[in-house]
Protein chains: 6
Amino acid sequence: MEYKQLSGRDFPRFSGVKTFFRMPYVAVDADYDVGIVGVPYDGGVSYRPGARFGPSKIREMSSLGRGYHWSRDVNILERLKVADIGDSPTVPVSQEKTYQKMGNFFNNLMSLNKRFIAIGGDHSTTLPLLRAVHKKYGKVRLIHFDAHLDTYPAAWGCEYHHGTFVRHAVDEGLIVPDKSFQVGIRGPLANKDDLDFVNKHKLNVTTVDDVRNGLNDFLNKMPDFGDEPTYISFDIDCLDPSYAPGTGTPVPGGLTTYEVQRILRALKVKNLVGADIVEVSPPYDSSDITSLAAMDTLFELLCIMSDSKINFTKG
Amino acid sequence: MEYKQLSGRDFPRFSGVKTFFRMPYVAVDADYDVGIVGVPYDGGVSYRPGARFGPSKIREMSSLGRGYHWSRDVNILERLKVADIGDSPTVPVSQEKTYQKMGNFFNNLMSLNKRFIAIGGDHSTTLPLLRAVHKKYGKVRLIHFDAHLDTYPAAWGCEYHHGTFVRHAVDEGLIVPDKSFQVGIRGPLANKDDLDFVNKHKLNVTTVDDVRNGLNDFLNKMPDFGDEPTYISFDIDCLDPSYAPGTGTPVPGGLTTYEVQRILRALKVKNLVGADIVEVSPPYDSSDITSLAAMDTLFELLCIMSDSKINFTKG
Amino acid sequence: MEYKQLSGRDFPRFSGVKTFFRMPYVAVDADYDVGIVGVPYDGGVSYRPGARFGPSKIREMSSLGRGYHWSRDVNILERLKVADIGDSPTVPVSQEKTYQKMGNFFNNLMSLNKRFIAIGGDHSTTLPLLRAVHKKYGKVRLIHFDAHLDTYPAAWGCEYHHGTFVRHAVDEGLIVPDKSFQVGIRGPLANKDDLDFVNKHKLNVTTVDDVRNGLNDFLNKMPDFGDEPTYISFDIDCLDPSYAPGTGTPVPGGLTTYEVQRILRALKVKNLVGADIVEVSPPYDSSDITSLAAMDTLFELLCIMSDSKINFTKG
Amino acid sequence: MEYKQLSGRDFPRFSGVKTFFRMPYVAVDADYDVGIVGVPYDGGVSYRPGARFGPSKIREMSSLGRGYHWSRDVNILERLKVADIGDSPTVPVSQEKTYQKMGNFFNNLMSLNKRFIAIGGDHSTTLPLLRAVHKKYGKVRLIHFDAHLDTYPAAWGCEYHHGTFVRHAVDEGLIVPDKSFQVGIRGPLANKDDLDFVNKHKLNVTTVDDVRNGLNDFLNKMPDFGDEPTYISFDIDCLDPSYAPGTGTPVPGGLTTYEVQRILRALKVKNLVGADIVEVSPPYDSSDITSLAAMDTLFELLCIMSDSKINFTKG
Amino acid sequence: MEYKQLSGRDFPRFSGVKTFFRMPYVAVDADYDVGIVGVPYDGGVSYRPGARFGPSKIREMSSLGRGYHWSRDVNILERLKVADIGDSPTVPVSQEKTYQKMGNFFNNLMSLNKRFIAIGGDHSTTLPLLRAVHKKYGKVRLIHFDAHLDTYPAAWGCEYHHGTFVRHAVDEGLIVPDKSFQVGIRGPLANKDDLDFVNKHKLNVTTVDDVRNGLNDFLNKMPDFGDEPTYISFDIDCLDPSYAPGTGTPVPGGLTTYEVQRILRALKVKNLVGADIVEVSPPYDSSDITSLAAMDTLFELLCIMSDSKINFTKG
Amino acid sequence: MEYKQLSGRDFPRFSGVKTFFRMPYVAVDADYDVGIVGVPYDGGVSYRPGARFGPSKIREMSSLGRGYHWSRDVNILERLKVADIGDSPTVPVSQEKTYQKMGNFFNNLMSLNKRFIAIGGDHSTTLPLLRAVHKKYGKVRLIHFDAHLDTYPAAWGCEYHHGTFVRHAVDEGLIVPDKSFQVGIRGPLANKDDLDFVNKHKLNVTTVDDVRNGLNDFLNKMPDFGDEPTYISFDIDCLDPSYAPGTGTPVPGGLTTYEVQRILRALKVKNLVGADIVEVSPPYDSSDITSLAAMDTLFELLCIMSDSKINFTKG
């Protein structure tokens with residue numbers, strides 16, 4: 001099996017069966033390093049649905065993906081064996097069944113010593129991912145890009161909607177709250193007490209104001225995650241609605257794709273054990289720019305994973 | 001309280017807070033005859049979501065609604081006290097909780113001796129509506145407009161998705177299967193045995209072919225529902241995708257809006273105890289023509305209800 | 001000056017400055033037979049605006065126009081000298097000023113012995129057109145395609161909105177009401193008394209039902225307009241919203257483009273002195289199909305005018 | 001009457017009859033502090049129409065509004081009694097009649113000692129608002145966000161189009177020109193003499209260049225409006241077209257939503273007597289991001305009004 | 001290798017890597033009966049491009065495909081081994097190179113005794129397909145659905161644009177002109193002499209008028225193609241623009257999807273050796289209804305091929 | 001002949017036949033200074049087509065163009081005689097024929113001593129433009145705005161796709177590589193060796209990082225092009241996809257329209273002999289913001305040309 005991208009110079013990028021980054025579509029137990037995997041579930045959203053089509057559309061737009069990162073000076077498709085491993089089973093009608101099936105799928109993946117980048121799907125899908133990661137690696141450090149804190153309380157009697165995964169991850173002991181890092185956060189909030197959880201657990205929250213008060217300063221002050229097992233959850237709504245209109249609960253005043261690129265490039269992470277990109281809702285997109293931004297983030301995440309290459313061999 | 005439409009000649013139709021048909025927005029226990037009520041839930045769909053925005057968009061497009069029906073020669077807004085009674089509670093993340101809350105809401109509505117037209121929402125919301133109707137009226141005759149039979153089996157381990165309400169209604173004894181009537185049905189099917197349930201219970205299925213083999217003939221042969229309690233469930237995908245692109249699982253080769261108008265006008269129903277219009281998905285619509293078709297159907301359903309006026313006073 | 005269409009086989013249809021039907025853009029007093037002229041005004045609409053962009057978009061889409069009509073067996077661009085004579089002056093903020101400027105423009109055009117097809121713009125622009133036509137030809141017979149009667153009363157204190165031109169044309173003596181012909185009309189109406197004007201003046205109203213009860217019968221029963229000066233006003237909303245989504249007040253249950261073609265081809269009109277196509281609203285269109293339908297109608301109207309060729313020479 | 005937002009955690013944000021910020025819809029003479037009111041008129045625009053649908057769409061998108069402002073540390077929905085008071089009467093066909101009806105409506109509102117935030121509608125609606133405000137408060141200081149100066153001359157013989165309100169406000173003595181403040185202005189202009197009025201009256205014009213030459217500097221140099229009666233008119237086209245595509249006359253090179261947030265947060269205004277948000281044209285929007293930006297601005301304006309709370313009691 | 005559709009009841013239809021009809025993606029020399037193959041080339045179009053994305057989008061929409069055909073009473077996915085065999089190589093910049101690569105690909109396919117349904121791409125791709133088919137089967141009978149005759153002359157010095165394949169197929173002796181059959185044809189034409197070729201070669205042209213003068217009559221009079229090698233070329237623009245807005249050169253007054261279904265179901269073809277569906281242009285589609293219509297046609301074509309099953313074994 | 005813009009205050013900007021900047025449409029040999037000319041060809045694109053509609057749509061959006069540049073303090077429409085000279089002949093099916101026809105057209109234009117701004121079309125059209133310019137002026141200095149280097153190798157056996165013009169311009173000796181200037185460039189790249197050509201020829205590449213590390217610094221460090229014949233090729237994808245979604249191969253992390261304005265205003269170019277704006281693909285645009293950005297760039301390019309006025313008289 002050769003893990004090589006279908007070349008756009010041989011075969012035009014608009015042609016062929018669409019896989020993530022035009023990489024081979026393989027079974028979950030094949031010999032790849034990093035599996036890109038869809039999680040097409042959007043039953044947890046509170047406003048605009050559609051993220052169930054995220055994996056399909058990002059597969060399509062990632063036809064525009066290329067392997068060589070100019071400023072990092074690395075060709076990640078040469079350093080890593082990247083594969084499309086299809087979609088996790090999900091159940092549109094039932095979150096509970098979705099969590100069960102995702103649990104089985106990702107526990108298996110973890111047991112195979114694979115790393116993954118999951119393409120959602122809404123943000124309620126991150127919790128089962130973190131549970132599977134935790135089972136293998138123990139508590140991880142979380143890097144969380146989002147407009148929202150996702151520490152919010154239950155709504156309509158439901159604990160597990162798309163704005164709660166951080167709260168559950170802390171409560172279940174999946175992450176180290178005070179060594180985690182939230183980026184892109186901004187208001188408004190329903191109530192001031194929505195900040196209580198964050199304050200209590202000393203989550204490291206940074207806002208758009210923090211980024212805009214000098215980008216280089218911000219980059220320099222970011223924590224160093226070193227070799228500790230780290231997980232990145234990237235909610236596309238950390239971006240401003242002009243950059244990411246195709247999402248469920250957009251918030252004005254957000255980050256630009258350039259800022260996100262710079263932050264991702266400056267992150268000091270040597271052991272990225274898993275990652276996800278969530279909340280891309282294609283039916284609300286304009287000319288697919290949101291999916292394109294997701295593809296670009298996917299590229300950066302692969303680069304960070306390739307920096308962690310030493311860890312792959314350790315399994 | 002005066003149940004009068006806000007006039008488009010006094011107040012332009014694009015202005016004002018949007019209520020169904022520009023009728024007053026009142027409490028569920030006010031003294032109206034027919035309550036139009038939103039059911040914003042789309043957790044039961046198997047493909048494209050978005051029907052949760054059906055009530056909101058149909059409220060907007062029903063600004064174009066008027067009261068006088070030319071060929072019926074009746075002004076329904078003068079014959080009936082029509083009101084917008086808001087939306088039923090629903091829970092986006094959980095079908096079970098949605099069914100519970102809908103049950104409470106509609107049981108109460110029934111106990112108040114009101115009639116309703118529910119605006120969905122996906123077709124999984126019809127089952128709790130029929131249960132509430134059954135509680136008051138016993139078994140009803142069902143008139144079902146749809147591309148699909150909705151007698152399909154469970155999927156992904158879920159009994160109550162948007163293609164199953166007819167099966168459950170039969171199994172729970174809510175409707176009289178062999179006195180019911182399905183219109184607009186067409187293929188393809190997953191398997192031939194998808195027809196077993198229909199055959200076994202002698203559901204009266206008519207297809208687009210039946211309609212197109214002479215519309216007047218078709219109208220003449222439709223059953224007479226007389227005074228028996230009757231319920232109409234109108235899935236917008238009975239229409240062809242060119243007439244109703246804004247829906248979750250469109251099927252080519254469907255009905256036109258004109259055919260639907262003629263069928264609705266020819267129905268002999270003297271006791272319409274409830275009705276719904278479902279599966280309008282605004283994010284997939286083109287220039288709101290699907291919502292407009294829904295509005296037009298709402299108008300015809302109100303007319304049919306006004307023919308049943310005698311029953312209102314009976315409570 | 002040669003009145004010849006820019007050939008699509010020499011110069012691709014997507015290229016070049018856009019004029020109606022790719023015909024020459026000439027001054028109003030040039031030596032053409034029929035001037036196609038834009039009337040970009042939409043201040044008279046009661047719901048969705050945008051018809052001000054009708055002339056511009058129909059110019060673009062009429063790049064797809066061709067001259068040879070297969071079933072009529074005539075190449076109208078060879079029989080008639082057709083030209084684009086630009087747009088009438090209009091004033092977006094003021095209907096009164098628009099009517100004045102249109103009056104000047106079209107009175108001048110009439111005095112030059114030209115015939116025109118006006119491309120609106122909303123239906124309130126037809127009244128000044130009929131006034132100019134009347135000044136030259138006296139009372140004309142009106143053929144009126146529409147979903148609406150356009151005999152409606154004033155609204156918000158305004159006499160001249162887009163639903164009133166027929167009433168004013170009758171009241172001002174511009175048309176012969178009982179020798180006129182309305183096609184495509186359908187409900188709903190605000191009130192039954194909206195029919196009083198029509199009944200009183202014996203307007204010849206035909207509905208979609210009339211067309212659908214046998215198209216050939218309908219065509220055979222249409223009046224013969226003979227040599228009498230006749231005017232055709234074509235409101236695009238006579239078409240069903242699936243065929244013409246790009247309009248301001250769409251009404252379900254309308255005509256198809258095919259039916260309109262058949263009616264236009266069967267009309268017995270030997271002296272078409274003017275015509276308009278109105279209510280195309282490009283911002284609400286889907287893939288420009290409404291403008292395309294308008295272009296097709298423009299083609300048929302040119303054919304009818306070419307049948308009236310003998311009248312041109314009479315001036 | 002309780003002025004409380006319908007909670008998104010009880011009742012999903014996509015459900016229910018849409019009112020501004022999900023606040024109660026009350027009569028104009030109810031006991032609220034600030035009335036949010038629609039002004040659905042777009043007859044004054046010179047290019048793309050559609051702003052008549054601004055109030056309706058912003059009602060819908062303000063379902064995403066929340067009350068707690070993080071950086072201001074205030075919950076405005078607790079500090080102020082905010083209400084949706086419906087739409088002002090308007091007349092689509094006639095600006096003159098619209099001005100009359102608006103005059104009556106807003107003079108009454110002023111006489112009731114209410115403050116308002118008007119949601120347009122095009123920018124020609126600001127003039128009657130300023131007239132009503134002036135009647136109560138005398139000359140006010142104007143803060144004007146816009147791409148355009150709006151001091152332009154008459155066009156097509158019309159004095160009151162959407163680019164003239166500042167000129168009229170100065171000429172009518174409604175505002176203090178040299179104590180006013182314009183933000184976001186940029187070219188191009190039709191002619192250099194378009195600057196004559198601005199220069200003559202010493203209007204305080206700041207451009208995008210001014211903002212981009214150091215945001216913090218810009219914020220620090222903004223005038224202090226203190227306790228003087230101040231009015232904010234916010235034309236959404238102050239934003240760049242990427243942030244606000246849904247507007248009539250977009251101009252590249254504009255502000256970002258973040259910059260607008262920072263400016264609004266830094267404004268020193270202790271007596272905001274009225275405000276408007278205009279020129280949102282939903283049919284030209286992409287995924288409703290323009291309406292979302294308007295909603296965000298509405299939130300900031302409410303916050304500024306809540307800082308002026310002391311003034312409410314003074315009436 | 002099992003040629004079985006991924007079940008929508010196990011794995012939701014929006015999930016997974018997209019292949020035609022959710023069938024296995026296999027190598028060109030695998031043991032399937034019918035290969036569905038993309039031909040993503042649109043360099044031959046004269047107006048709107050975009051058909052290069054046809055294969056990709058139809059793969060996606062064919063997720064809604066099912067195997068059982070109700071009125072034919074056959075499950076084609078059980079009768080035939082259907083596979084997605086990927087896309088033919090194409091070259092966006094060069095038609096000549098595209099024809100070469102397609103020639104190689106399809107000659108190989110033919111030599112493997114496979115049948116195919118090609119998914120275009122524009123109509124200029126049919127010529128190399130017919131050449132490959134001819135190489136194996138000799139002259140075939142052509143059934144051609146289209147709005148256009150495709151016998152048009154060269155344009156801009158180019159012989160092989162998207163409106164010429166029939167002319168070349170006749171001239172190269174690939175088809176039997178007077179035993180072929182054209183459906184859905186309609187005007188306008190550039191010139192009357194565009195009919196010369198058709199008349200000279202006695203092509204069997206039927207128009208929309210022919211279909212509409214009694215559908216059953218039309219179906220009964222269609223030729224019987226018996227066991228003769230037959231090829232179906234389906235240009236989506238045979239459909240009316242309301243049913244197929246997503247195409248390059250739409251023509252009003254076209255067929256409905258229902259009419260196409262009835263025609264395809266009534267065709268007497270016992271030896272369908274190849275077929276194509278062309279001119280679907282996803283960027284111009286509305287809610288994917290054009291791709292959906294293409295998917296539906298693909299289903300019918302597969303059914304016709306399954307009727308020819310006996311021929312498969314002959315190779 | 002008077003080269004004067006049709007005034008928006010006399011004739012609304014949405015009305016009239018659309019020419020670039022509402023300037024007169026004249027023959028190529030008329031007495032204008034600068035001809036704006038369309039090049040509607042998109043056969044060279046590797047992903048999304050549609051740029052063939054660039055000239056048509058930019059004509060429409062340039063109705064919003066005005067002549068007075070505020071910060072430059074110049075009215076270019078008074079300083080220069082600007083005209084719309086129509087479109088160059090192109091051939092959609094054949095790049096070779098397009099190059100030939102463009103060669104004839106632009107060689108003629110050059111021989112008439114005209115300057116031009118070409119509106120594409122895809123970036124493969126720049127090469128024949130540079131060849132024509134070179135024929136008259138010899139080697140020119142190139143200023144190239146783009147996300148891509150356009151020095152890429154052949155693809156699918158084609159030398160002249162839309163990513164190669166710089167390589168060919170260098171190889172053919174049309175430009176001075178080490179005195180040229182590339183702006184807005186960013187990754188990713190297919191391979192590191194995609195940089196070999198750039199390095200070998202010492203192309204002056206600047207990236208988005210360079211711009212964002214202090215805009216004023218960047219502007220100050222830009223080369224001075226003095227009186228040397230200079231050509232500007234502006235690929236709209238230098239802008240971020242949020243500012244220019246309507247393009248064929250968008251790349252996240254791009255420039256803003258404001259940055260581009262500042263760069264264009266700061267360029268020291270005294271002899272701009274020709275320019276183009278390419279890769280605007282209207283079918284992929286959102287609310288025409290990409291075409292609007294192109295119009296704005298056209299305005300800046302005209303300003304730069306007006307600075308070169310002395311050169312016009314030299315011919």
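Good morning. I begin with how two copies meet: only 8% of the interface residues of chain E are also interface residues in chain B, so the copies meet through different surfaces. Please keep in mind throughout that this is a predicted model.

Let me describe that interface further. On one side, 25 residues of chain E take part, and they are in contact with 24 residues of chain B. Which elements of chain E give two or more residues to the side that touches chain B? They are the strand β2 (68-69) and the helices α9 (257-266) and α10 (289-307) of chain E. Of these, α10(E) gives the most to that side, with five residues. As for the character of the residues on the side of chain E that touches chain B, eleven are nonpolar, ten are polar and four are charged.

How, then, are the two copies related in space? Chain E is superposed on chain B by a rotation of 120°, with 0.0 Å of shift along the axis and an RMSD of 0.0 Å. The two copies are thus related as by a three-fold rotation axis. Within chain E, the C-alpha nearest that axis belongs to S242(E), at 3.3 Å from it.

Other pairs of chains do not meet. Chain A and chain C are joined by no contact, and their closest C-alpha atoms lie 15 Å apart. Chain B and chain F do not touch either, with 15 Å between their nearest C-alpha atoms.

I turn now to the fold inside chain E. Here eight strands form an open sheet with parallel pairing, in the order β4-β1-β5-β12-β10-β6-β7-β8. Which strands stand at the edges of this sheet? They are β4 (82-87) and β8 (205-207) of chain E; each has a single partner strand, so one side of each is left without a neighbour in the sheet. On average, and with direction ignored, neighbouring strands of the sheet are turned by 15° against each other.

At one of those edges, strand β7 (residues 181-185) of chain E runs parallel to β8(E) and is joined to it by two bridges. In β8(E), V205(E) is the bridge partner of Q182(E).

A helix also belongs in this picture. Helix α1 (residues 54-61) of chain E packs on the sheet, where it touches β1 (34-39), β4 and β5 (115-120) of chain E. The direction of α1 makes about 110° with that of β5(E). One strand touched by this helix, β4(E), is thus also one of the edge strands.

Thank you for your attention.

Notes: Residues are numbered from 1 along each chain as its sequence is written. Chains are lettered from A and ligands numbered from 1 in the order in which they are written. This is a predicted model: local features need pLDDT of at least 70, side-chain atom pairs count only at pLDDT 80 or more; totals for chains, interfaces and linings use all residues. Two residues are in contact if their C-beta atoms, placed from the backbone, lie within 7 Å. Two strands pair if DSSP finds at least two bridges between them. Helices (H or I, at least four residues) and strands (E, at least two) are DSSP runs, numbered from the N terminus. Axes are lines fitted to C-alpha atoms, for helices over the stretch in contact, and angles run from 0 to 180 degrees between N-to-C directions. Copies are superposed by least squares on the C-alpha atoms of residues with pLDDT of at least 70 in both. Ala, Val, Leu, Ile, Met, Phe, Trp, Tyr, Cys and Pro count as nonpolar, Asp, Glu, Lys and Arg as charged, and the others, Gly among them, as polar.
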